[in-house]
2 protein chains.
Amino acid sequence: MDIAQVLGIVAAIMTTTAFVPQAVQIIRTKSTQDISLGMYIILTTGILFWLIYGILIRQPPIIFANLVGFSLTFTILILKIKYREGNGRNKN
Amino acid sequence: MDIAQVLGIVAAIMTTTAFVPQAVQIIRTKSTQDISLGMYIILTTGILFWLIYGILIRQPPIIFANLVGFSLTFTILILKIKYREGNGRNKN
């Protein structure tokens, strides 16, 4: 494996698992007022499209990475909606 | 262009621009306590690796998408650090 491939794999793992600390933080604090609902609606839909794209072109790495990414961002989106009511300030 | 390619382009645009509403919200509210610092450190670094990967394999779409993505997530990371001090609750 050359340096580019190694970098690509590390990049894929990082941009996929980056959402774990955010999900953990929300579960712990139950506070989501600073998190943009718009961001997670667009991001989750975009990752879902990447997933369908991966299925259509039959590329397991794209399917797998976006399945993990979708699960995490969808979880954050659900938590954002769930804890929205409990927030004191204006929502965005 | 087939359906897979169209879906891939739409997916790329969505997962890149999704960060715009989050950046706008932070600029407006100056509040970042619910946003995970760890997420944006890992995500920004991961996107930087995607960018270097794109340069190494000479793929303009990967370079362009990750240049935009890096600019947006790096902006959110800087805003998170900038407005960290002003937050009342515990940081994560």
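**Figure 1. L56(B) sits in helix α3 of chain B.** The model shown here is predicted. L56(B) counts as partly exposed, because its relative accessibility is 41%, and the partly exposed class lies between the 20% and 50% limits. Set aside the neighbours within four places in sequence, and L56(B) is in contact with I3(A), A4(A) and L7(A). Those partners carry the chain letter A. Within chain B, a distance can be drawn to A4(B). The C-alpha atoms of L56(B) and A4(B) are 25 Å apart. Along the chain, 52 residues separate L56(B) from A4(B). A4(A), in contrast, is on the contact list of L56(B).

**Figure 2. T15(A) meets W50(B) through a polar contact between side chains.** T15(A) belongs to helix α1 of chain A, which covers residues 3-17. The distance in the polar contact with W50(B) is 3.1 Å. W50(B) is also on the wider contact list of T15(A), along with L43(B), G46(B) and I47(B). That list leaves aside neighbours within four places in sequence. Is T15(A) buried or exposed? T15(A) is buried, because its relative accessible area is 17% and the cut-off for buried is under 20%.

**Figure 3. N66(B) lies in helix α4 of chain B.** This helix spans residues 60-82. The side chain of N66(B) reaches a backbone oxygen, that of I62(B), at 2.8 Å. Beyond the neighbours within four places in sequence, N66(B) is in contact with I47(B), W50(B) and L51(B). Two of these names return from the previous view: I47(B) and W50(B) are also in contact with T15(A). N66(B) counts as buried, because its relative accessibility is 13%, and buried means under 20%.

**Figure 4. Chain B and chain A share an interface with a buried area of about 3,400 Å².** Carbon and sulfur atoms give 69% of that area. Three residues stand out on the chain B side: Q25(B), D34(B) and M39(B) supply 18% of the area that chain B buries against chain A. No other three residues supply more. The contact takes 38 residues from chain B and 38 residues from chain A.

**Figure 5. Polar contacts, but zero salt bridges, are found between chain B and chain A.** The polar contacts come to 15 residue pairs, with both residues at pLDDT 80 or more. The salt-bridge rule finds zero pairs across this interface. Which helices of chain B each supply at least two residues of the side that touches chain A? They are α1 (3-17), α2 (19-29) and α3 (37-56). Helix α3(B) gives the most, with 13 residues. By class, this side of chain B has 22 nonpolar, 13 polar and three charged residues. L56(B), shown above, is in helix α3 of chain B.

**Figure 6. R58(A) has a positive phi, although R58(A) is not a glycine.** The value is near 50°. R58(A) is placed in the loop between α3 (37-56) and α4 (60-82) of chain A. R58(A) counts as exposed, because its relative accessibility is 69% and the cut-off for exposed is over 50%.

**Figure 7. R58(B) lies in the loop between α3 and α4 of chain B.** What is the phi of R58(B)? Phi of R58(B) is near 50°, a positive value in a residue other than glycine. The relative accessibility of R58(B) is 69%, so R58(B) counts as exposed.

**Figure 8. Chain A has four helices and zero strands.** From the N terminus on, the order of elements is α-α-α-α. Why is chain A called more spread out than a compact globule? Its radius of gyration is 15 Å, whereas the globule rule gives 12 Å for 92 residues; the value for chain A is well over that, so chain A is more spread out than a compact globule. Along the principal axes, the C-alpha atoms of chain A fill a box of roughly 50 × 25 × 15 Å. Of the 92 residues of chain A, 42% count as buried. T15(A) is one of the buried residues. Contacts in chain A can also be sorted by sequence separation. Among those between residues at least 6 apart in sequence, 68% join residues at least 24 apart.

How values were computed:
Residues numbered from 1 in each chain as written. Chains lettered and ligands numbered in written order. Predicted model: local features only at pLDDT ≥ 70, side-chain atom pairs only at ≥ 80, totals over all residues. Heavy atoms only, no water. Contact = heavy atoms within 4.5 Å. Buried area = accessible area lost by both parts, 1.4 Å probe. Salt bridge = Lys/Arg side-chain N within 4 Å of Asp/Glu carboxyl O. Polar contact = N/O pair within 3.5 Å; in protein donor to acceptor, adjacent residues only side chain to side chain. Nonpolar A, V, L, I, M, F, W, Y, C, P; charged D, E, K, R; others polar. Buried < 20%, exposed > 50% of the residue type's maximum accessible area, 1.4 Å probe, protein only. Rg over C-alpha atoms; globule rule 2.2 N^0.38 Å.
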